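Student: Before we use a model like this one, I would like to ask how each descriptive word is justified. Could we go through the terms one by one?

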Amino acid sequence: MSLTQAIKQQAQKLGFELVGVAPVGPVPELNFYKKWIEDGHAGEMTYLQRNAEKKLDIKLVVPEAKSVLVCGKIYHTDKPLSVACGDVTRGWISRYGWGDDYHDILTKKLFDLVDFLKSETGEQTLGRVYTDTGPIIDRVYAKYAGIGWYGKNTCIINQEKGSWFFLGEIITNLELEYDEPAPDRCGSCQRCIDACPTDALLEPYLLDARRCISYLTIELKGAIPESMRDGIGNHIYGCDICQDVCPWNKKAEQTTEAYFMPRQGLFNPDLTEVGSWTMEDFRLYLRRNPIKRTKFRGLMRNVAVAMGNSGKQLFLPVLRQMAKSDEPLITEHAVWAINKIEITNR
Ligand code: SF4
Ligand code: SF4
């Protein structure tokens, strides 16, 4: 068995359902990434700008880099898709946010794999671990490692396993056997573009993050532009729609890992319940969970928008409580939601 085969076998033993290897080198997509940022499509995600040059050239970070080992970990469960859950009194949390924080899980597994690399080849082997350090670059290397193709919805899609998986990478100085890039199988389909409620997919393969619900509910720290609030619907953390409608996810593989199963109260949660959380509840329920990235004020901002979009008067008492918050961000969105519900019911 070759070294590459042994590494792949070990990755699978560690629980990665997908594994591939890409060579380090210039690829045309990296220029697309640069232009995407220059055109402003990244919105406030300034951390992407700060490290753009390094992302464009891995050798600036790891001069000896020769290969990128890309690993995928499935998080899909048997729970229904968001498009099948139409109750507007309940919020939607993106599937990846239901369980334990994937950064912790993938990072641990990747470091275990680095240990294996070193034990097989010697301590001089480099193994730089990355988990979700940028939305585009991971996907570029995933494509070249044969994990899947870059879909029109900008997700990496695997022909057999769909797109519900996390990506992690190891950059190494080892020369390995490289996989072939996965061919694009989107064909004439454009269901994701048609289904996006905020028209964030400007054209095939081109996402304007500033219009994307995932960006608006997670990455954006301040007020959500009023023009974008209606399109957010009942989403309170992320959005799954462009993956829900993708035909390659019809038979997507599901995980049995307990740490990715939905925690109580996070699958399609009752908006009144979440809107009534205190800061202590937020810390307790979301310990080691990715949703805490929004911070308490961000999540409450999103809950207020979802309540307003429902048009349901039953939310008025909790919204009036939220409007008394010391946090201006929560107050402003709660007042907006109260007005919206009152106008809807006039
Ligand atoms: S995540 Fe939602 S808002 Fe963003 S592109 Fe996909 S469907 Fe549109
Ligand atoms: S919905 Fe269709 S166009 Fe969009 S990513 Fe899936 S296969 Fe490609």
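Student: Which residue of S7 does Val-68 stand opposite?

Tutor: In this predicted model, Val-68 stands opposite Ile-171 in S7.

Student: What makes S2 and S7 (residues 165-172) a pair of strands?

Tutor: Pairing requires at least two bridges found by DSSP, and S2 and S7 are joined by eight bridges, running antiparallel. The criterion is therefore met for these two strands. Strand S1 (residues 18-23) also runs antiparallel to S2, with six bridges between them, and there Gly-20 stands opposite Val-70.

Student: Why is strand S2 called largely enclosed?

Tutor: A residue counts as buried if 20 or more other C-beta atoms lie within 10 Å of its own. Eight of the eight residues of S2 (residues 67-74) are buried, so the strand is largely enclosed by the rest of the structure.

Student: How do you know which faces of S2 are covered?

Tutor: In a regular strand the side chains alternate between the two faces of the sheet. On one side of S2 lie Ser-67, Leu-69, Cys-71 and Lys-73, on the other Val-68, Val-70, Gly-72 and Ile-74, and with all of them buried both faces are covered.

Student: Why is the protein as a whole called as compact as a globular protein of its length?

Tutor: The secondary structure comes to 15 helices and 10 strands. The radius of gyration is 21 Å, close to the 20 Å that the globule rule gives for 346 residues, so the protein is as compact as a globular protein of that length. Along the principal axes, the C-alpha trace spans about 70 × 40 × 40 Å, and 44% of the residues count as buried.

Student: What makes Cys-196 one of the residues around ligand 1?

Tutor: The condition is a C-beta atom within 6 Å of the molecule, and Cys-196 is listed around ligand 1, as are Asn-153, Cys-212, Cys-239 and Cys-242, among others. The elements that give two or more residues to this shell are helix H8 (213-219) and helix H10 (241-244).

Student: How do the shells around ligand 1 and ligand 2 divide by class?

Tutor: Around ligand 1 there are nine nonpolar, three polar and no charged residues, with Cys counted as nonpolar. The shell around ligand 2 has eight nonpolar, three polar and two charged residues. Of the 13 residues that surround ligand 2, the closest are Gly-151, Cys-186, Cys-189, Cys-192 and Cys-246.

Conventions
Residues numbered from 1 in each chain as written. Chains lettered and ligands numbered in written order. Predicted model: local features only at pLDDT ≥ 70, side-chain atom pairs only at ≥ 80, totals over all residues. Helix = DSSP H or I, 4+ residues; strand = E, 2+ residues; numbered from the N terminus. Rg over C-alpha atoms; globule rule 2.2 N^0.38 Å. Buried ≥ 20, exposed ≤ 12 C-beta atoms within 10 Å, placed from the backbone.
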